[in-house]
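These are my notebook entries on a single protein chain. I set down what I looked up, one topic at a time.

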Amino acid sequence: MEKDNLLLIFTRNPELGKCKTRLASVIGNESALEIYKFLLARTSEITKGLEADKAVFYSDNVVVDDLWDNQHYNKREQRGQDLGERMLNAFQWGFEQGYQKILIIGSDLYDLSSEDLKTAFKALEKNEFVIGPASDGGYYLLGMKQLKKELFQDKSWGKASVLEDTLKDLKGQSLQLLEIRNDVDLYEDIKDIDVFQKFLKKTYDQ
């Protein structure tokens, strides 16, 4: 049976000292973990009602009873040595399940909306690929209708060259770029945003 849309959500298991480490180096592990949990809840909120099948890929181990409702989300574990290999394996699994259009996002974006995700799936009706560029030189969303393995190979993951290198791989392909969004990795990403002040205040009150 042919299936249509699949959203892959990559997430880290929210454990103290293991998530948002660059942010934690400034604000401490406890506040960084609280912020990551807040971002996870935000991602769940904007994806739950999306008209697409959804799969959460955990960094370490699958958690049965958490904010990712078992009714709405398939749950799996990331497999691979680096981020590229793990994303490749997730896309490969999705295409093997028979999905036609597949998107992948992380779980550390505050300003991503469900409208952005609808726009991305719509972009794949006329294009083979869609990318949401991140302001740090990476991307916050990647979508495709056919697996292109080169996109996941020979990249310096976490560096500012990822988007540029990915676009080189897609030269000559039909591609739509979405609006630039800012993922949360550094203190500078959140210091001026109102919604994060309660977490930062807690840090400096200690």
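**Entry 1. A loop residue with positive phi**

I began with Asp154, which lies in the loop between β6 (139-144) and α5 (162-169). I note that the model is a predicted one. Asp154 is not a glycine, yet its phi is positive, at about 55°. I then asked whether Asp154 is buried or exposed. Its relative accessibility is 79%, so Asp154 counts as exposed.

I found a positive phi of about 55° at Lys20 as well, again a residue that is not a glycine. Lys20 is placed in the loop between β1 and α1. Lys20 has a relative accessible area of 11% and is therefore buried, the limit for that class being under 20%.

**Entry 2. Salt bridges around Asp185**

I searched the whole structure for salt bridges and obtained 17. I followed Lys20 further and found that its side chain meets that of Asp185 in a salt bridge, 3.0 Å from N to O. Lys20 is in the loop between β1 (3-11) and α1 (21-27), and Asp185 is in the loop between β7 (175-177) and α6 (187-190), so this pair ties together parts 165 residues apart in sequence. I recorded both Lys20 and Asp185 as buried; for Asp185 the relative accessible area is 15%.

Asp185 also forms a salt bridge with the side chain of Arg22, at 3.7 Å from N to O. Arg22 sits in helix α1 and Asp185 in the loop between β7 and α6, so here the parts tied together are 163 residues apart in sequence. Arg22 has 45% relative accessibility and therefore counts as partly exposed.

I also looked up the salt bridge between the side chains of Glu150 and Lys148, which is 3.2 Å from N to O. Glu150 is partly exposed at 39% relative accessibility, whereas Lys148 is buried, with a relative accessible area of 14%. Turning to shared partners, I found one network of salt bridges that joins Lys20, Arg22, Asp108 and Asp185.

**Entry 3. Ser107**

Next I examined Ser107, in the loop between β4 (99-105) and α4 (114-126). What does the side chain of Ser107 reach at 3.0 Å? I found the backbone oxygen of Phe10 at that distance. The side chain of Ser107 also makes a polar contact of 2.9 Å with the side chain of Tyr36. Leaving out residues up to four places away in sequence, I listed the residues that Ser107 touches: Ile9, Phe10, Thr11, Arg12, Tyr36, Leu39, Leu40 and Thr43. Ser107 has 3% relative accessibility and so counts as buried.

**Entry 4. Helix α2 and Thr47**

Tyr36 led me to helix α2, where I looked up the buried residues; among them are Tyr36, Leu39, Leu40, Thr43 and Thr47. I recalled that an α-helix has 3.6 residues a turn, so residues three or four places apart point the same way. Helix α2 has 19 residues and reaches 27 Å from its first C-alpha to its last, close to the 27 Å expected at 1.5 Å a residue.

Thr47 is in this helix, which covers residues 29-47. I noted that Thr47 is buried, with a relative accessible area of 0%. Its side chain is joined to that of Tyr73 by a polar contact of 2.6 Å. Apart from residues up to four places away in sequence, Thr47 touches Leu7, Ile9, Lys54, Trp68, Tyr73, Ile105 and Leu117. I also checked Thr47 against Ser114: the two are 67 residues apart in sequence, and their C-alpha atoms are 6.3 Å apart in space.

**Entry 5. The whole chain**

I closed with the chain as a whole, which has seven helices and seven strands. In sequence order they follow the pattern β-α-α-β-β-α-β-α-β-β-α-β-α-α. The radius of gyration is 17 Å, close to the 17 Å that the globule rule gives for 206 residues, so the chain is as compact as a globular protein of that length. Along its principal axes, the C-alpha trace spans about 55 × 35 × 30 Å.

I found that 47% of the 206 residues count as buried. Of the contacts with a separation of 6 or more, 65% are between residues 24 or more positions apart. I recorded an accessible surface of about 10600 Å², of which carbon and sulfur atoms hold 44%.

Definitions and conventions
Residues numbered from 1 in each chain as written. Predicted model: local features only at pLDDT ≥ 70, side-chain atom pairs only at ≥ 80, totals over all residues. Heavy atoms only, no water. Helix = DSSP H or I, 4+ residues; strand = E, 2+ residues; numbered from the N terminus. Buried < 20%, exposed > 50% of the residue type's maximum accessible area, 1.4 Å probe, protein only. Polar contact = N/O pair within 3.5 Å; in protein donor to acceptor, adjacent residues only side chain to side chain. Contact = heavy atoms within 4.5 Å. Expected span 1.5 Å × (residues − 1). Rg over C-alpha atoms; globule rule 2.2 N^0.38 Å. Areas by Shrake-Rupley, 256 points an atom, 1.4 Å probe, with all protein chains shown as cover. Salt bridge = Lys/Arg side-chain N within 4 Å of Asp/Glu carboxyl O.
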